[in-house]
Amino acid sequence: MAMKILSITGGAANMYCGSCMRDNGLALALRKQGHDVVLLPLYTPTKTDEPNASHQRVFFGGISVYLQQKSGLFRWTPKFIDRLWDHPRVIRAFAGRGVAVDSPSLGALTVSMLEGRNGRQRKEIENLLAWLRHEPRPDLITLPYTLLIALARPLKEAIGCPIVCTLQGEELFLEGLSEPWRARSLELIRNQVRDVDLFIAVSEHESRFMSGYLKIPRDRIRTVPLGINLEGHQPGRKTASDTFRIGYFGRIAPEKGLDVLATAFRLLTPYGKCRLDAAGYLPPEHRSYLDKIQRLCEGLDFHYHGEVDREGKIRFFQSIDVFSLPCN
């Protein structure tokens, strides 16, 4: 039976984000199966390397959320003013300035968002609910991660449909928060677990870990492994070469472990010709991290290819002999 699904996703400004790419891919796949899926971005428009399935309107615009966190004045501005800085073009322009979004600096904002209607972004919740009241009622609402769990109760009270929340690695962000923000964020999430009808973990490890970490009963978690659209992913025709090529593809950040791979690569090079190719988004705050890796690989066959689109990603995977992502 076809369902009407409201899928909320968190935009990540001008970077490719695994979470919103997963949400976008799932929305496209569900539509192919005949379901009516509205993919609604929060914070910023989404960036994806496949056809973008998201709604053109952005709720909880990143500029508005930030201004409301900083000053009470912006918590009462009229809607026509809010619409100016919530326009996708305006959000993209500010996001393009490369402002660092490292989790240690976002503790207070994270807590405020998790406080929901008691937080500083209450107006944004009311704007979302007001819009939904004029839309066809969904059969199901999905949240992309527990950092937005404070939306569960208001959405259920207003719409009256089940709420499903995905578990896809937000513990990395939470563990990067300084105190007292980390402890308070965990407390708020755990206290709101009961507002969600079902949690979807992207791996068995995530299911086991998050059950204990966020105090979620195991019988309320289902595991749905990550998948990708295989279109275009054909075996590459490798040229004859005596160089063994190792590939890393992911965000350039300490928690992804590229430095661990670079250290292992350095130990491997005396035993034969090998090359390390890395690609993925480099956050401005991690430029020095990449510099450290490049110094570690000085004199070795190491290449960083930057952020690549879908075609570039396919070519990248076709060119390597083995893939490694030593994530913690």
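Trainee: Let's start with α10: across which strands does α10 lie, and at about what angle does α10 run to β6?

Mentor: Happy to start there, keeping in mind that this is a predicted model. Helix α10 lies across three strands, namely β4 (163–167), β5 (198–201) and β6. Its direction relative to β6 is about 160°.

Trainee: In what order do the strands of that open sheet come, and is the pairing parallel or antiparallel?

Mentor: In general, strands of a sheet pair through backbone hydrogen bonds, either parallel or antiparallel. Here six strands make up an open sheet, in the order β2-β1-β3-β4-β5-β6. From one strand to the next the twist averages 25°. As for the pairing, it is parallel.

Trainee: Which strands stand at the edges?

Mentor: Look for strands with a single partner, because such a strand has one side left without a neighbour in the sheet. Two strands fit that description: β2 (36–42) and β6 (221–223).

Trainee: How many bridges join β1 to β3, and what is the bridge partner of Ser 7?

Mentor: Strand β1 (residues 4–10) and strand β3 (residues 140–143) run parallel and are joined by three bridges. For Ser 7, the partner in β3 is Thr 142.

Trainee: Back to α10: is the aromatic pair of Phe 209 and Tyr 213 stacked or tilted?

Mentor: Both residues sit in helix α10 (residues 204–213), four residues apart, about one turn of the helix. Phe 209 is partly exposed at 35% relative accessible area, whereas Tyr 213 is buried at 10%. The ring centres are 5.0 Å from each other and the planes make an angle of 25°. Planes under 30 degrees apart count as stacked, so the pair is stacked.

Trainee: What about Phe 249 and Phe 317: which class does that pair fall in?

Mentor: This pair links distant parts of the chain, with Phe 249 in strand β7 (residues 244–249) and Phe 317 in helix α13 (residues 310–319), 68 residues apart. Phe 249 is buried at 19% relative accessibility, while Phe 317 is partly exposed at 30%. The ring centres are 5.5 Å apart with planes at 40°, so the pair is tilted.

Trainee: Which residues do ring pairs link into a cluster?

Mentor: The count of aromatic pairs comes to six. The cluster takes in Phe 249, Phe 316, Phe 317 and Phe 323.

Trainee: How many residues are in the largest nonpolar core, and which helix gives the most to it?

Mentor: As background, nonpolar side chains tend to be buried together in soluble globular proteins. The largest core here has 45 residues, and those with the most contacts inside it are Ile 8, Phe 60, Leu 151, Leu 155 and Phe 199. Beyond four places away in sequence, Phe 60 touches residues including Leu 42, Met 113, Ile 125 and Leu 151. The helix giving the most, with five residues, is α6 (residues 122–132).

Trainee: Where is the cis peptide bond?

Mentor: Omega is near 10° at this bond. Its proline lies in the loop between α8 (171–175) and α9 (181–191). The cis bond runs from Glu 179 to Pro 180.

Trainee: Last one: is Lys 215, with its positive phi, buried or exposed?

Mentor: Lys 215 is found in the loop between α10 and β6. Its phi is about 60°, although it is not a glycine. Since the relative accessibility is 54%, and over 50% counts as exposed, Lys 215 is exposed.

Notes
Residues numbered from 1 in each chain as written. Predicted model: local features only at pLDDT ≥ 70, side-chain atom pairs only at ≥ 80, totals over all residues. Heavy atoms only, no water. Phe/Tyr/Trp six-rings, centres within 6.5 Å; stacked < 30°, edge-to-face > 60°. Buried < 20%, exposed > 50% of the residue type's maximum accessible area, 1.4 Å probe, protein only. Pairing = 2+ DSSP bridges. Axes fitted to C-alpha atoms, helices over the stretch in contact; angles between N-to-C directions. Contact = heavy atoms within 4.5 Å. Core = buried A, V, L, I, M, F, W, Y, C linked by side-chain atoms within 4.5 Å.
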